Amino acid sequence: ENKVAVNPVLTLAPLTAAAVATATIMYPVDVLRALKMSSAGSKEPISIAEYYKKFGWRGFVSKGVVPEIAKSSVMRVSKFFFFPIMCENIHGVKPNEASVFQKATAGALATVPEIVMISPLEVAKLGIQLDTENKFKNNSMEFIKQTYRTKGFGGLYVGWAGMQWRQSFWTGTVILC
């Protein structure tokens, strides 16, 4: 049976809709994760109760939500958009003709442009989530500008290597399933 190849551009709308829905629904869990992880190395950790007292339920669904939805949407869309492109350009085969190794490496490599695009958004999201003094007033652009002014371009890519490894292994594995 011959399958017709789908133009990757045609997958953008449904991928984007699914990505935005997933990011929105999972956002409160992401805030809880950020609070707990940031407390690990802190002498004065931010408890979930203190966070709630200061920001209410709204803090769990609004602080940093714009960069999170943007980041997660770009992340999910780009990995599946770039996978067939990587498969064809790196290995010279269509995804349905690729070996396990070719699929895994194409999936892992598809995350490189993904992480380049999302790193500043991830840094902004975490910065806004952990801004307990409300210095940035939930404005991710102000956070990004301040980070760039004080830490330079590299400040927007803090944690890049960890994100790259995580996403490469995750995506390379998921593509195989």
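**Exercise 1. Are α1 and α2 roughly parallel or roughly antiparallel to each other?**

Solution. The model is predicted.
- Step 1: find the helices. Helix α1 covers residues 12–39, and helix α2 covers residues 48–62.
- Step 2: take the geometry. Their axes come within 10 Å and cross at roughly 150°.
- Step 3: apply the cut-off. Angles over 145 degrees count as roughly antiparallel.
- Result: α1 and α2 are therefore roughly antiparallel to each other. The crossing of α1 past α2 is right-handed.

**Exercise 2. Name the residues that meet where α1 and α2 touch, and sort them by character.**

Solution.
- Step 1: list the α1 side. It holds Tyr-27, Pro-28, Val-31, Leu-32, Leu-35 and Lys-36.
- Step 2: list the α2 side. Here stand Ile-48, Tyr-51, Gly-59, Phe-60, Val-61 and Ser-62.
- Step 3: sort them. The contact of α1 with α2 has 9 nonpolar, 2 polar and 1 charged residues.

**Exercise 3. Describe how α4 and α5 lie relative to each other.**

Solution.
- Step 1: locate the pair. Helix α4 spans residues 100–109, and helix α5 spans residues 111–129.
- Step 2: take the two values. The axes come within 5 Å, and the crossing angle is roughly 15°.
- Step 3: compare with the cut-off. Angles under 35 degrees count as roughly parallel.
- Result: α4 and α5 are therefore roughly parallel to each other.
- Step 4: look at the contact. Gly-107, Ala-108 and Leu-109 of α4 meet Thr-111, Val-112 and Pro-113 of α5. These residues divide into 4 nonpolar, 2 polar and no charged.

**Exercise 4. Classify two aromatic pairs, Tyr-52 with Trp-57 and Trp-165 with Phe-169.**

Solution. The structure holds 6 aromatic pairs.
- Step 1: take Tyr-52 and Trp-57. Their ring centres are 5.2 Å apart, with 65° between the planes. Planes over 60 degrees apart count as edge-to-face. The Tyr-52 and Trp-57 pair is edge-to-face.
- Step 2: take Trp-165 and Phe-169. Their ring centres are 5.3 Å apart and their planes stand at 20°, so the pair is stacked.
- Step 3: place the second pair. Trp-165 and Phe-169 sit in helix α7 (residues 160–176). They are 4 residues apart, so about one helical turn separates them.

**Exercise 5. Decide which label each of these four rings earns: buried, partly exposed or exposed.**

Solution. Exposed means over 50% relative accessible area, and buried means under 20%.
- Tyr-52 has 38% relative accessibility, so Tyr-52 is partly exposed.
- Trp-57 has 64%, so Trp-57 is exposed.
- Trp-165 has 56%, so Trp-165 is exposed.
- Phe-169 has 54%, so Phe-169 is exposed.

**Exercise 6. Where do Asn-134 and Lys-137 lie, and what is the sign of phi in each?**

Solution.
- Step 1: place them. Asn-134 lies in the loop between α5 and α6 (140–151). Lys-137 lies in the loop between α5 and α6.
- Step 2: read phi. Asn-134 has a positive phi, near 60°, and is not a glycine. Lys-137 has a positive phi of about 50°, and is not a glycine.
- Step 3: add accessibility. Asn-134 is partly exposed at 27%. Lys-137 is exposed at 62%.

**Exercise 7. Sum up the chain as a whole.**

Solution.
- Step 1: count elements. The chain has 7 helices and 0 strands. Its pattern along the sequence is α-α-α-α-α-α-α.
- Step 2: give the extent. The C-alpha trace spans about 60 × 30 × 25 Å along its principal axes.
- Step 3: give burial. Of the 177 residues, 38% are buried.
- Step 4: give contact range. Among contacts between residues at least 6 apart in sequence, 72% join residues at least 24 apart.

Methods:
Residues are numbered from 1 along each chain as its sequence is written. This is a predicted model: local features need pLDDT of at least 70, side-chain atom pairs count only at pLDDT 80 or more; totals for chains, interfaces and linings use all residues. Side-chain values use heavy atoms; hydrogens and water are left out. Axes are lines fitted to C-alpha atoms, for helices over the stretch in contact, and angles run from 0 to 180 degrees between N-to-C directions. Helices (H or I, at least four residues) and strands (E, at least two) are DSSP runs, numbered from the N terminus. Angles under 35 degrees count as roughly parallel, over 145 as roughly antiparallel, 65 to 115 as roughly perpendicular and the rest as oblique. Contact means heavy atoms within 4.5 Å. Ala, Val, Leu, Ile, Met, Phe, Trp, Tyr, Cys and Pro count as nonpolar, Asp, Glu, Lys and Arg as charged, and the others, Gly among them, as polar. A crossing is left-handed if the near helix is turned anticlockwise from the far one by less than a right angle, and right-handed if clockwise. Rings of Phe, Tyr and Trp (its six-membered ring) pair if their centres lie within 6.5 Å; planes under 30 degrees apart count as stacked, over 60 as edge-to-face and the rest as tilted. Buried means under 20% relative accessible area, exposed over 50%, partly exposed in between (1.4 Å probe, protein chains only).
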